[in-house]
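Grab a coffee and open the viewer: here are a few exercises to work through with the model on screen. Try each task yourself before reading the solution.

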Amino acid sequence: MTSQEKIDQYVMQTYGRFPVTFVRGEGCLLWDDQGKSYIDFLAGIAVCGLGHANPEVAEAVCAQAKKLLHVSNLFYTEPQARVAELLVQNSFADRVFFCNSGAEANEGALKLSRLWGKAFKDGAHEVVTIQGSFHGRTMATLSATGQEKIQKGYDPLVSRFKYAPWGDLEAITAAVDEKVCAVMLEPILGEGGVVPPPEGYLPAVRRLCDKTGTMLIFDEIQTGLGRTGKLFAHEHFGVKPDVMTLAKGLGNGLPVGAVCATSEAAALFQPGSHATTFGAGPLIMEAARVVLETLLRPGFLERVQQAGKKLRKGLEGLCQKYPGHKLEARGLGLMRALILPTPGATVVKKMLQRGFVINCTQDKILRFVPPLIIEDAHIDALIGALDEMLAAGEIAAG
């Protein structure tokens, strides 16, 4: 049996997989078991920011694997200390809690919000999130997610969540009442379609939370760690949250999440109130250390910004060249989207055949979240392939 046949037979069918088996990667390239190469504009869905088989990550992980894999968070470890220091020294946060995934990080943030409501807002326990948001697949984070198609079949959901339209300040103001302990949102909607906020929206939400004594949580699982050209996306908008969640790019492919918080919020967790077995294991922390140190090197984020501008220019050029298709480009940094007038699943498959890994979200939105080390030649090749498809009528007009 082939690997594809074994997975189809033995693994729960929760994914609509493409008929490709990847066996090797290097930088922004992937190779399948037939020897065909692909330019990766998905990066494991915004995960492998430093590219595949990054030598520094590989060397650090291999060296750590020979020393210590796990001891439990009942003890101190050097790698965890270094990563915590890097995050705190380069963010608004005063303290960090490490876990294994984005969903776990958001669960931790939601638990903090309940404690916040009890401590500072007379027992408030509801959380406002955004329609079109995505926060994870556990029952609580699924309930926080503002998309019915993702929640379908899992009712009754965890209660005490309510959803406001993205960018609607009046709606979110009305939603934040005396029962609400937190507002939780992505600075840029990711799975919801790569939608940046309207000008002034995030600062206004920050002022709303300050006025009402409500915790503000930024889910930066997809937007954080250099993805938008700054270390964290909220830096573009001149605001700071009380709590921020991270995952995806933090381990460059290894499973890690983080809850970053101000001292006021972090103090709500006491020994025994929250925990994890595998979070902040030395092996994972060594990968995260390399990621953070690389992102903080002089010029690295500036290069991400340049690449993001080039990708934006290319996508906007397609919109102008093919006005009859009614295309739209949007995004920030290396988190970009091309909105099609018709479903994009076929486009994703045809691009895969041409040697490009992309994906489609919200039915009609092509999403591009490549490794942060993407080269100009890779971007030119992507735009050229899309151009050829548009010219050949392989992407339908509106």
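**Exercise 1: A hairpin to warm up**

Strand 11 (residues 328-332) and strand 12 (residues 335-339) are antiparallel partners, held together by five bridges. Keep in mind that you're looking at a predicted model.

Task: Find which residue in strand 12 is the bridge partner of Arg330, then look at the phi of Gly333.

Solution:
- Start on strand 11 at Arg330 and look across to strand 12: the partner you land on is Ala337.
- Now go to the link between strand 11 and strand 12, which is just two residues in this hairpin.
- Check the backbone at Gly333, and you'll find a positive phi near 60°.

**Exercise 2: Building a sheet strand by strand**

Task: Work out the order of the four strands in the open sheet that includes strand 1, and say which are the edge strands.

Solution:
- Begin with strand 1 (residues 22-26), which runs antiparallel to strand 2 (residues 29-32) and is joined to it by four bridges. To check the register, take Phe22: opposite it in strand 2 is Asp32.
- Look at the turn next. Two residues separate strand 1 from strand 2 in this hairpin, and Gly27 in the turn has a positive phi of about 60°.
- Move on to strand 3 (residues 37-40), antiparallel to strand 2 with three bridges between them. Here Leu29 faces Ile39 across the pair.
- This second hairpin has four residues between strand 2 and strand 3, and its turn holds Gly35, with a positive phi of about 90°.
- The last step jumps along the chain: strand 3 pairs with strand 13, in the parallel sense, over two bridges. Asp40 is the residue to click on, as it stands opposite Val357 in strand 13.
- Put the pieces together and the order reads 1-2-3-13, with mixed pairing. Strand 1 and strand 13 (356-357) are the edges, each pairing on one side only.

**Exercise 3: One proline in a loop**

Task: Is Pro255 buried, partly exposed or exposed, and which residues does Pro255 touch?

Solution:
- Locate Pro255 in the loop that links strand 9 (243-246) and strand 10 (257-261).
- Read off the relative accessible area of Pro255, which is 47%. Buried means under 20% and exposed means over 50%, so Pro255 counts as partly exposed.
- Leave out residues up to four places away in sequence, and Pro255 touches Asn100 and Ile284.
- For a sense of how the fold brings distant parts together, compare Pro255 with Cys99: they are 156 residues apart in sequence, yet their C-alpha atoms are 8.5 Å apart.

**Exercise 4: Zooming out**

Task: How compact is the chain for its 398 residues, and what share of its residues is buried?

Solution:
- First, the inventory: the chain has 14 helices and 15 strands.
- Then the radius of gyration: at 21 Å, it is close to the 21 Å that the globule rule gives for 398 residues, so the chain is as compact as a globular protein of that length.
- For the extents, the C-alpha trace covers about 60 × 55 × 45 Å along its principal axes.
- On burial, 53% of the 398 residues make the cut.
- Take the contacts between residues at least 6 apart in sequence: 71% of them join residues at least 24 apart.
- Finish with the charges: there are 41 positive and 42 negative side chains, and the centres of the two sets are 2 Å apart.

Key:
Residues are numbered from 1 along each chain as its sequence is written. This is a predicted model: local features need pLDDT of at least 70, side-chain atom pairs count only at pLDDT 80 or more; totals for chains, interfaces and linings use all residues. Side-chain values use heavy atoms; hydrogens and water are left out. Two strands pair if DSSP finds at least two bridges between them. The radius of gyration is taken over C-alpha atoms; the globule rule is 2.2 Å times the number of residues to the power 0.38. Buried means under 20% relative accessible area, exposed over 50%, partly exposed in between (1.4 Å probe, protein chains only). Contact means heavy atoms within 4.5 Å. Lys and Arg count as positive and Asp and Glu as negative; His and the chain ends are not counted. The place of a charge is taken as NZ of Lys, CZ of Arg, CG of Asp or CD of Glu.
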